[in-house]
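Trainee: I have a model open and would like to learn how its labels are earned. Could we go through them together?

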Amino acid sequence: MTRINILPPHLADMIAAGEVVERPASVIKELMENAFDAGAKKVTVEFKNGGAPYIRISDDGCGMSPEDAGIAFMRHATSKLHDERGLEAIGTMGFRGEALAAISAVSRIELCTREKGSDEGIKMTVEAGDIVDMLPCGCPEGTSITVRDIFFNTPARLKFLKSDRSEASACIAAALHCALGRPEVSVRCIRDGAEEFFTPGDARSDSAVYSLLGRELASSLLPCRGSADGVSVEGFVSSPAKGQGSRSRQYFFCNGRYIRSALLQSAVEQAYRNTLLTGRFPACVVYLTLGNAAVDVNVHPAKTEVKFSEEKKVFDAVYQTVRSALEAEDKPLEISLSEGTKKLTESASATFNDRPRTTFSRPSFSERPAPVFKPAPARAPQSAVFRSPMPEYDSVFPASTKSENVEKAVETVEKIASPAYRLIGEALNTYILVEFDGKLLLIDKHAAHERMIFDRLVQSEREVMSQTLLEPILVRLSPEDSETLEANGETLSELGFELEPFGEGAYALRALPEDIDPGDATAAVEELCVKLRTGGADDAKAGRTELLHTVACKAAIKAGRRHDPAELDRIAKAVVSGEVRYCPHGRPVSVTLTKAELDKFFSRIV
Ligand code: ADP
Ligand code: MG
């Protein structure tokens, strides 16, 4: 039998550190939370590469006295908790007194801090948990901590770190989560010397929301606000029309802390019931505020999971708030980011039926002008949409035929080959009406067109034809999407997207698949990124088909818009010839009403 040993404190700290410091991003989270707890109004987060070699967090908070700094790195050293009564209603981000001990056990730290009102600061060097040096120094009020060489003394953990790109993206995500949780604090995040994001600290969360969710989604978010039974809910949810391919864009905050919560996730998703297609998920940024005693944050070392004492109340408040935001969306409101704000604040207040004192309103998304992006160039004239012959004629003409000849020949062949049908017109800007073979055909123009494009793309097995933009447009992506994009550059270029890095999280889009409206480009790239992340990579062919779905859907003409009769005619032809029956998702593209059915309607026959 082996003997029982009491672990030496250094080893115990290194093991404990594993719970708190999982990767460089956890260091950023812990140090930012300390800055918030110190009452900082401005926090700067800098890091290099993936964060492991260098992270520096500076704040203008209360600072530490030399005595406090001397013990701050010891395990269970905290100024935030004194007895067990305090634990019940903890209002600070930290309280376990573990973060600094854990971080310093696995890195080299330099701390500069000056207590508010004190003449002089101190500079302290800590290495693998030991204070190496401590000297008076001149520094601004507040605290700045530099963490170098994370995991230098735990090679096994160092080996588990992912690529710099992955770690950096986790660092940015951690900084954004913290920044989003505290919109009243101004946060600047700098990676390798370049600014990653900045929040103004004006207590509005919209600029952080922009950085986090990307312009395309952020601009279509619906604001929501509500409160009931001491639970207040505020935030932004996506319109049902912007369903996401995964849950990766659901963010929840409880009393300023970023949390993961199956309860809140389900409350939001229930509110969308019957408005989202199966397999689509809402995006949201939801802030929950409730009494500190009503939530236990001490159930997880990193405190990203919490326990609510009254889960049903929390669920109901979130559900009702989101529901009323979605119901209010049906009202014809102008949601223009800059102008629509007044209307939004004035309108749409709802009440819980059973709780008369509960009110909901839709706060403005932003009163400041939205960030400036280059406007997408107007869509090419409709006649230019079909620049090349449709696939059904591809085989008829060798590629070398001169283009005028092709057009003439297409006309002739169309006349000969087309089955007899009559295009009546378009109804509701959505359905093409065709008389064919003694029947009335109603065609869903988007679904049919999507199928035609999809078939063409699948058959060609070549790179997707792309259109070069005269003026590139700026595409902004979330850190997660940027990472996916950069790891899959080749795939995206095969799909016809030509993107060049244009500063952090931004890309200049120079070319996109033909027929895709440049205004839909960001949405298309975002959807492709989600598919690239979540799709099974084991079968390349199935993966490509899945991606082509997105390209086809975005390239197809849209319901609700008027289209050129010649274009509608081409679609009608493809349907009556039997070439197109189902959209790529399996839904039928047309409905047939026979003369007999119509006669029955009008009681012409019984
Ligand atoms: P906790 O946050 O759980 O108290 P930490 O190990 O994160 O534990 O920090 C230990 C203590 O060091 C804190 O309680 C606080 O008193 C002090 N401290 C840490 N960071 C800062 C900072 N940025 N500004 C002022 N004091 C700080
Ligand atoms: Mg802390």
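Mentor: Happily! Start at ligand 1, where one of its nitrogen atoms sits 2.9 Å from a side-chain N or O atom of Asp59.

Trainee: What makes the Asp59 pair a polar contact?

Mentor: A polar contact is a pair of N or O atoms within 3.5 Å; within protein, one must be able to donate a hydrogen and the other to accept it, and residues adjacent in sequence count only if both atoms are side-chain atoms. At 2.9 Å, the Asp59 pair therefore qualifies. Gly97 offers a backbone N or O atom 2.8 Å from an oxygen atom of ligand 1, and Thr143 has a polar side-chain atom 3.3 Å from a ligand nitrogen. On its own ligand 1 exposes 530 Å², of which the protein buries 93% (Shrake-Rupley method, 1.4 Å probe).

Trainee: What kind of model is this, and how is it numbered?

Mentor: The model is predicted: local features need pLDDT of at least 70 and side-chain atom pairs 80 or more, while totals for chains, interfaces and linings use all residues. Residues count from 1 along each chain, chains are lettered from A and ligands numbered from 1 as written, and side-chain values use heavy atoms, without hydrogens and water.

Trainee: How do you know whether Cys284 is in a disulfide?

Mentor: A disulfide is a pair of cysteine sulfur atoms within 2.5 Å. For Cys284 the nearest cysteine sulfur, that of Cys224, is 8.4 Å away, so Cys284 is in no disulfide. The count by this rule is zero disulfides.

Trainee: Why is Cys284 called buried, and Cys62 partly exposed?

Mentor: Buried means under 20% relative accessible area, exposed over 50%, and partly exposed in between (1.4 Å probe, protein chains only). Cys284 has 1% relative accessibility, so Cys284 is buried. Cys62 has 37%, so Cys62 counts as partly exposed.
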